Amino acid sequence: MGKFKQEYTETANAIVSHAIVMPPVAMEDGQLPPLYYFTNNAAWDTGAQFSFISPRVVEGLGLKPHGKAAYMGIGGDQVSNTYLVHIGLSNGELITEHEVYCGDIDDYDLLLGMDIIVQTDFVITNKDGKTTFQFRTPSEGGVEL
């Protein structure tokens with residue numbers, strides 16, 4: 001089980017952490033593939049049903065589309081290429097062969113949507129005007145992390 005905790009000095013307007021995106025290559029235990037995209041700019045978005053990567057990540061990794069899929073975005077119905085990737089979360093856990101969409105996700109490299117969040121125990125608190133974000137995988141249920 002992996003846990004991750006991030007504390008902000010004030011109330012956060014976005015939850016952002018680091019992560020790694022990799023092509024979906026066969027991996028041996030504890031070994032990173034030769035090519036990966038590290039980012040300190042992975043946003044956690046409970047309002048997004050699916051996870052997205054930016055065109056920068058697609059180009060940086062030379063990813064080939066896995067398919068096309070439609071989704072409802074802020075601007076209405078859209079169609080996007082999808083890609084299979086491995087995602088390394090901030091707690092060291094690896095989500096393998098996960099299908100993500102590619103889209104304009106503002107200044108973020110990776111947007112972690114509910115398809116990833118529901119695999120975790122995910123907690124945000126805002127005591128004394130300071131945000132604390134915690135998650136663990138796999139989910140164990142309950143409130144205490």
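Begin the tour by selecting E28, which is located in the loop between β2 (15-22) and β3 (37-44). The structure on display is a predicted model. E28 counts as exposed because its relative accessibility is 59%. Add K5 to the selection: 23 residues separate E28 and K5 along the chain, and their C-alpha atoms are 27 Å apart.

**The strands around β2**

Next, select β2 itself. This strand is mostly covered, with 6 of its 8 residues buried. Display β3 beside β2: the two run antiparallel and are joined by 6 bridges. To find one position along this pairing, select S17, whose bridge partner in β3 is A42.

Now add strand β6 (residues 76-88), which pairs with β2 in the antiparallel sense over 3 bridges. Within this pairing, M22 stands opposite H86 of β6.

Keep β6 in view and add strand β5 (residues 67-73). These two strands run antiparallel and are joined by 7 bridges. One place to inspect is G67, whose bridge partner in β6 is T82. β5 and β6 form a hairpin, with 2 residues between them.

**The open sheet of β1, β10 and β9**

Which strands make up the open sheet of 3 strands? Select β1, β10 and β9, which follow one another in that order with antiparallel pairing. β1 (2-7) and β9 (121-125) stand at the edges with a single partner strand each, so one side of each has no neighbour in the sheet. On average, neighbouring strands of this sheet are turned by 10° against each other, direction ignored.

Focus next on β9 and strand β10 (residues 132-137). They run antiparallel and are joined by 5 bridges. Select F122 to see one of the paired positions: its bridge partner in β10 is F135.

**A salt bridge between β9 and β10**

Side chains of opposite charge can pair when their charged atoms come close. Select R136 and D121 together: their side chains meet in a salt bridge, 2.6 Å from N to O. This pair links distant parts of the chain, with R136 in strand β10 and D121 in strand β9, 15 residues apart. Is R136 buried or exposed? R136 is buried, because its relative accessible area is 4%. D121 also counts as buried, at 7% relative accessibility. Add E140 to the selection, since salt bridges that share partners join D121, R136 and E140 into one network.

**Further salt bridges**

The model has 4 salt bridges in total. Another of them is found by selecting K5 and E7, whose closest N and O atoms are 3.6 Å apart. Both K5 and E7 are exposed.

Move then to R56 and D109, which form a salt bridge with their closest N and O atoms 2.9 Å apart. This pair, too, links distant parts of the chain: R56 is in helix α1 (residues 55-61), D109 is in the loop between β7 and β8, and their positions lie 53 residues apart in the numbering. R56 counts as partly exposed, at 39% relative accessibility, whereas D109 counts as buried, at 8%.

**A buried acidic residue**

Select D115, which is placed in helix α2 (residues 114-117). D115 is buried yet has no salt bridge. Which side chain of opposite charge is nearest to D115? That side chain belongs to R56, and it is 17 Å away. With the side chain of H98, the side chain of D115 makes a polar contact at 2.7 Å. To show the surroundings, display Q49, F50, S51, H98 and E99, which D115 touches when residues up to four places away in sequence are not counted.

**Backbone details**

Three backbone features complete the tour. Select D106, in the loop between β7 (94-102) and β8 (110-112). Its phi is positive, at about 60°, although D106 is not a glycine. D106 counts as exposed because its relative accessibility is 60%.

Then select D128, in the loop between β9 and β10. D128 has a positive phi near 55° and is likewise a residue other than glycine. At 67% relative accessibility, D128 counts as exposed.

Finish at P138, in the segment after β10. Which kind of peptide bond joins T137 and P138? The bond is cis, with omega about -10°.

Note on methods: Residues are numbered from 1 along each chain as its sequence is written. This is a predicted model: local features need pLDDT of at least 70, side-chain atom pairs count only at pLDDT 80 or more; totals for chains, interfaces and linings use all residues. Side-chain values use heavy atoms; hydrogens and water are left out. Helices (H or I, at least four residues) and strands (E, at least two) are DSSP runs, numbered from the N terminus. Buried means under 20% relative accessible area, exposed over 50%, partly exposed in between (1.4 Å probe, protein chains only). Lys and Arg count as positive and Asp and Glu as negative; His and the chain ends are not counted. A polar contact is a pair of N or O atoms within 3.5 Å; within protein, one must be able to donate a hydrogen and the other to accept it, and residues adjacent in sequence count only if both atoms are side-chain atoms. Contact means heavy atoms within 4.5 Å. Two strands pair if DSSP finds at least two bridges between them. Axes are lines fitted to C-alpha atoms, for helices over the stretch in contact, and angles run from 0 to 180 degrees between N-to-C directions.
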